Amino acid sequence: MKIKGLRWWILALVVLVTIINYLDRNTLGIMWAQIVQDLGLIDRTGMTDAEYNSRSKELFAYINMFFMVAYGLSQMLSGKLYDKIGTRRGFTLSALIWGISDMLMALSTGVKSICTFRAGLGLGVAGPWPGTVKNNAEWFPQKERAMAQGLFNAGASIGAILAPILIALICASVGWKMTFIIIGILAPLWVLPWLWLRKSNPKNHPFITDEEKQYILSGQPETKVTDDKGLSWGQLLAKRKSYAVILSRFFLDPVWWMFVTWLPIYLGQKYNMDLKALAAHMWIPYVGAALGSIAGGWVSSHLVSAGKTVNLARKTSIIIGALITLPALIYVAFVQDAMVAVCCMAIILFGFQFTMNNIQTLASDMYTGKSVGSLAGLGGAAATLGTILSICFIPMLTAGDNWTPFFIMGASLVPISVCCVFLFGRNISHED
């Protein structure tokens with residue numbers, strides 16, 4: 001049996017599991033207020049509303065720290081693991097770990113159990129990020145990789161769009177414990193079609209047509225490399241260009257996590273939104289993110305197809321996204337209307353994904369084969385470290401329910417990230 005456009009079908013499964021990934025990681029934040037109340041995680045005796053909100057943010061940040069530490073370790077280790085065992089088995093392992101961990105959240109009785117299960121979730125959900133960079137490098141010619149990465153990132157945004165709607169509806173029908181089970185089982189079920197379709201790489205896949213195989217392999221510069229044993233972490237860290245990925249992600253990724261982690265808390269505390277109101281508003285910013293992922297990938301891939309260098313295509317797209325993100329981040333800090341705020345956030349995340357999509361592609365632009373996942377993993381670990389540091393500061397920055405410093409911090413990170421790409425990336429190519 002031959003399947004036309006097999007690379008796009010494989011990518012479609014990756015996009016699907018990314019949607020599931022974001023459903024799983026958003027369960028806690030969206031149902032947080034109800035879980036805190038049902039489990040009695042905070043004794044609000046004698047507390048004012050502002051004091052209770054502050055304590056809620058501190059506890060949420062504390063629990064998310066366990067998730068992020070596990071996530072960061074997994075980003076780094078998953079990149080190396082995927083290089084060793086391949087993306088087929090790598091995605092399977094990740095999906096099983098995070099799906100089971102999210103289902104176990106139904107057994108939570110207090111802070112310790114929540115922290116344990118969320119750490120397990122972090123170990124699993126991190127894998128697809130370095131894994132997809134590697135998978136795209138294997139299955140797409142270089143000129144299509146930014147577009148493929150854009151569709152993958154759009155999957156994360158679609159998951160974030162669907163999360164408040166689906167989770168709120170399911171929670172209202174069956175409660176928060178059954179919601180964790182229903183959402184959590186999706187990833188293990190996904191493994192079945194993945195193992196059937198993703199049998200091997202293009203060179204040896206039984207379902208690929210000869211035309212598609214030739215098209216993919218002829219458009220991959222790394223096929224010219226005859227001896228690719230992969231670089232160690234030490235060797236990657238010794239190369240200047242690696243820091244274009246590592247440092248740019250260290251500074252820029254916290255902007256994304258500011259919204260993924262804190263958006264339901266921000267909307268709930270600043271605008272007194274309940275689950276229904278969150279479902280009506282939270283999806284809007286991620287529409288912008290999905291469109292930005294696709295647009296950033298299309299612009300970059302279009303420039304390469306038009307004969308521009310990869311270096312010019314990636315850097316141009318990175319700058320365009322940053323110029324969209326930065327002013328919107330500054331403006332939203334002073335907005336008082338909820339609908340205006342979430343629409344402005346849609347612009348922010350459009351620009352963010354426009355830029356991030358191209359930063360994530362740099363690993364496969366700079367290195368080949370078994371080094372791609374490793375560098376993507378190091379970039380992901382750096383991104384997580386930056387995010388953990390931001391999480392430490394956010395409860396202090398938002399003291400007294402003043403969220404303006406929250407957005408100002410995000411705005412300060414964007415130009416620093418872009419500078420890292422230009423300072424360390426210089427000429428983006430497989431050549432040193």
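## An all-round look at a helical model

At 68% relative accessibility, Asn272 is over the 50% cut-off, so it counts as exposed. Asn272 sits in the loop between helix H10 (242–270) and helix H11 (275–281). Its phi is near 55°, which is a positive value in a residue other than glycine. As background, most residues other than glycine have a negative phi. Keep in mind that this is a predicted model.

Right beside Asn272 in the numbering comes Tyr271, also placed in the loop between H10 and H11. Is Tyr271 buried or exposed? Tyr271 has a relative accessible area of 18%, and the cut-off for buried is under 20%, so Tyr271 counts as buried. Setting aside residues up to four places away in sequence, Tyr271 touches Tyr266, Val335, Gln336, Asp337, Ala338 and Ala341. Ala306 is another story: it lies 35 residues from Tyr271 along the chain, and their C-alpha atoms are separated by 47 Å.

Arg426 also has a positive phi, about 45°, although it is not a glycine. You'll find Arg426 in the segment after helix H16 (404–425). With 52% relative accessibility, Arg426 counts as exposed.

**The whole chain**

Zooming out, the protein has 16 helices and 0 strands. How does its radius of gyration agree with that of a compact globule? For 432 residues, a compact globule would come in near 22 Å, and the protein has 21 Å, so the two agree. Along the principal axes, the C-alpha trace spans about 70 × 45 × 35 Å. Of the 432 residues, 61% count as buried.

The contacts say something about how the chain is put together. Among those between residues at least 6 apart in sequence, 85% join residues at least 24 apart. As for the outside, the accessible surface comes to about 16,400 Å², and 67% of that belongs to carbon and sulfur atoms. On the charge side, there are 34 positive and 23 negative side chains, with the centres of the two sets 8 Å apart.

**Two covered helices**

Helix H15 (residues 372–397) makes a handy geometry check. At 1.5 Å a residue, its 26 residues should span 38 Å, and the end C-alpha atoms are 37 Å apart, which agrees. H15 is mostly covered, with 20 of its 26 residues buried.

Then there's helix H5 (residues 128–139), where 12 of 12 residues are buried. The buried residues of H5 include Trp129, Trp139, Lys134 and Glu138.

**Buried spots inside helices**

Four buried residues, each from a helix, are worth a look. Here are their relative accessible areas:

| Residue | Relative accessible area |
|---|---|
| Thr27 | 0% |
| Gly79 | 0% |
| Gln149 | 2% |
| Pro285 | 0% |

Thr27 is found in helix H1 (residues 6–39). Which residues is Thr27 in contact with, leaving aside its neighbours within four places in sequence? They are Asp102, Arg118, Ile167, Phe180 and Ile183.

Gly79 belongs to helix H2 (residues 49–85). Not counting residues up to four places away in sequence, Gly79 touches Ser74, Pro130, Gly373, Ser374 and Gly377. One of these, Pro130, is among the buried residues of H5. Gly79 and Val372 are 293 residues apart along the chain, yet their C-alpha atoms are separated by 7.9 Å.

Gln149 has its place in helix H6 (residues 142–184). Leaving out residues up to four places away in sequence, Gln149 touches Thr132, Val133, Asn136, Asn357, Gln360 and Thr361. Thr132, Val133 and Asn136 also appear among the buried residues of H5.

Pro285 is in helix H12 (residues 283–305). Once its neighbours within four places in sequence are left aside, Pro285 is in contact with Leu263, Val342, Met345, Ala346 and Leu349. Trp9 lies 276 residues from Pro285 along the chain, and the C-alpha atoms of the two are separated by 27 Å.

Terms used: Residues numbered from 1 in each chain as written. Predicted model: local features only at pLDDT ≥ 70, side-chain atom pairs only at ≥ 80, totals over all residues. Heavy atoms only, no water. Helix = DSSP H or I, 4+ residues; strand = E, 2+ residues; numbered from the N terminus. Rg over C-alpha atoms; globule rule 2.2 N^0.38 Å. Buried < 20%, exposed > 50% of the residue type's maximum accessible area, 1.4 Å probe, protein only. Contact = heavy atoms within 4.5 Å. Areas by Shrake-Rupley, 256 points an atom, 1.4 Å probe, with all protein chains shown as cover. Lys, Arg positive; Asp, Glu negative; His and termini not counted. Charge placed at Lys NZ, Arg CZ, Asp CG, Glu CD. Expected span 1.5 Å × (residues − 1).
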